[in-house]
Amino acid sequence: MTPSKTIILIHGNFVNNLSWSAWKPHYEQKGYTVYNPPNPGHDGIPAQLRTNGHPDLAKTGFIDVINNLVKLIDSLPEKPLVIGHSMAGMAVMKLTELGKVAAGVSIDGAPPKNVFPPFSTSKIVLPAFGFFSGKQYFMGSHKWYNKAFFNTLPEAEKEKAFEAIAVPESFKVSRQLVLNSYSNIDFKKPHTPLLFVGGGRDAIFPASLTKKLAGKYKDKNSRVDLKIYEGKSHFLCGENGWEVIADDIIKWYENINE
């Protein structure tokens, strides 16, 4: 089987597509055509978005994210390899269920509605739902990002990482993930290959959750693989050593097509 040479990188919550800025040229140098779209309401420079949130952000939900990606995929000449981080790991699961991908990679992926997260997850992401907030959207503090994303980074690098990637996030995305039936996944349905990648020190979606999600899939004729990187945080796509993870993903993808 000839593998697709098209990749879509999907960013998760609390960041935008610039969080993949190093991955796109890395894969292009390997001969892939790479798309790195911003989710609706996320286009812009992070520092500017932190000052003035995108006008479409508050109305953006998980369904809007998926519809935007489906529109892109349907315009392509071939089904892509889709790689998503955090909330976008769940987007990968939904796109796979919809039959839109050649293969999917969920990195530190959020759980669907029909998989209950651990208490540690609920505790750290609760402010992102805005149930007790009068604000239009969530903007994490430096302290929140240091705890949720950057817990393995040296102190000197945490501020730089925040400045580079932190953006406001829509309450609606998180709410639809846990409250809307669209965010369920049919784990019995046959599907194209999936790889679940987790960070051993991920403070939002721990490795135990990544393992749980991979284990939920039941079709014996559909491939599901799992790789945990010990010592890595939720920021494993940006912290030192991300190239190893990026290359491991491509090796996995190319091997399943041999």
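How many nonpolar, polar and charged residues are there in the lining of the largest pocket? By class, that lining has 17 nonpolar, 5 polar and 1 charged residues. One caution before I go on: this is a predicted model.

Staying with that pocket, its space comes to about 420 Å³. It has 23 lining residues, and the closest to the centre are Pro111, Pro117, Val125, Phe129 and Val178. Two elements give two or more residues to this lining, namely helix 5, at 119-125, and helix 8, at 171-179.

The second largest pocket has a volume of about 320 Å³. Here 17 residues form the lining, and Ala161, Ala164, Phe235, Gly238 and Glu239 are the closest to the centre. Which helix supplies the largest share of the lining of this second largest pocket? Helix 7, residues 155-165, with 5 residues. By class, the second largest pocket is lined by 10 nonpolar, 4 polar and 3 charged residues.

Now the cavities. A search of the whole structure turns up 2 of them at 30 Å³ or more.

The largest cavity holds about 100 Å³ of space. On its lining, going along the sequence, we have Val15, Ser19, Trp20, His85, Phe149 and Ile165, and then the run His234, Phe235, Leu236, Cys237 and Gly238. How many charged residues are in that lining? None; the classes are 7 nonpolar and 4 polar. If you have the second largest pocket still on screen, Phe235 and Gly238 are among the residues closest to its centre, and both also line the largest cavity.

The second largest cavity has a volume of about 40 Å³. Its lining includes Met93, Thr96 and Glu97 from one part of the sequence, and Ile185, Asp186, Lys189, Pro190 and His191 from another, along with Tyr217. That lining divides into 4 nonpolar, 2 polar and 3 charged residues.

Next, the overall fold. The protein has 10 helices and 8 strands. Its C-alpha atoms fill a box of roughly 50 × 40 × 35 Å along the principal axes. How does the radius of gyration sit against what a compact globule would have? For 258 residues a compact globule would come out near 18 Å, and the protein has 17 Å, so the value agrees with a compact globule.

On burial, 54% of the 258 residues are buried. The exposed surface of the protein is about 11,400 Å², with carbon and sulfur atoms supplying 53% of it. As for contacts, take those with a separation of 6 or more: 76% of them are between residues 24 or more positions apart.

I will finish with one residue, Ala207. It is found in helix 9, which covers residues 207-216. Is Ala207 buried or exposed? Its relative accessible area is 11%, and the cut-off for buried is under 20%, so Ala207 counts as buried. Leaving out residues up to four places away in sequence, Ala207 touches Gly199, Gly200 and Ile228. For a sense of distance, Ala207 and Glu254 are 47 residues apart in sequence, and their C-alpha atoms are 25 Å apart in space.

To recap the pockets and cavities: about 420 Å³ in the largest pocket, about 320 Å³ in the second largest pocket, about 100 Å³ in the largest cavity and about 40 Å³ in the second largest cavity. Again, the model behind these values is predicted.

Terms used: Residues are numbered from 1 along each chain as its sequence is written. This is a predicted model: local features need pLDDT of at least 70, side-chain atom pairs count only at pLDDT 80 or more; totals for chains, interfaces and linings use all residues. Side-chain values use heavy atoms; hydrogens and water are left out. On a 1 Å grid over the protein atoms alone, a cavity is a set of points where a 1.4 Å probe fits but cannot get out, and a pocket is an open set with protein on both sides within 12 Å along at least five of seven lines; lining residues have an atom within 4 Å of a point. Grid points are joined across faces, edges and corners, and a volume is the space filled by probe spheres set on the points. Helices (H or I, at least four residues) and strands (E, at least two) are DSSP runs, numbered from the N terminus. Ala, Val, Leu, Ile, Met, Phe, Trp, Tyr, Cys and Pro count as nonpolar, Asp, Glu, Lys and Arg as charged, and the others, Gly among them, as polar. The radius of gyration is taken over C-alpha atoms; the globule rule is 2.2 Å times the number of residues to the power 0.38. Buried means under 20% relative accessible area, exposed over 50%, partly exposed in between (1.4 Å probe, protein chains only). Contact means heavy atoms within 4.5 Å. Accessible areas come from the Shrake-Rupley method with a 1.4 Å probe; for residues, only the protein chains shown count as cover.
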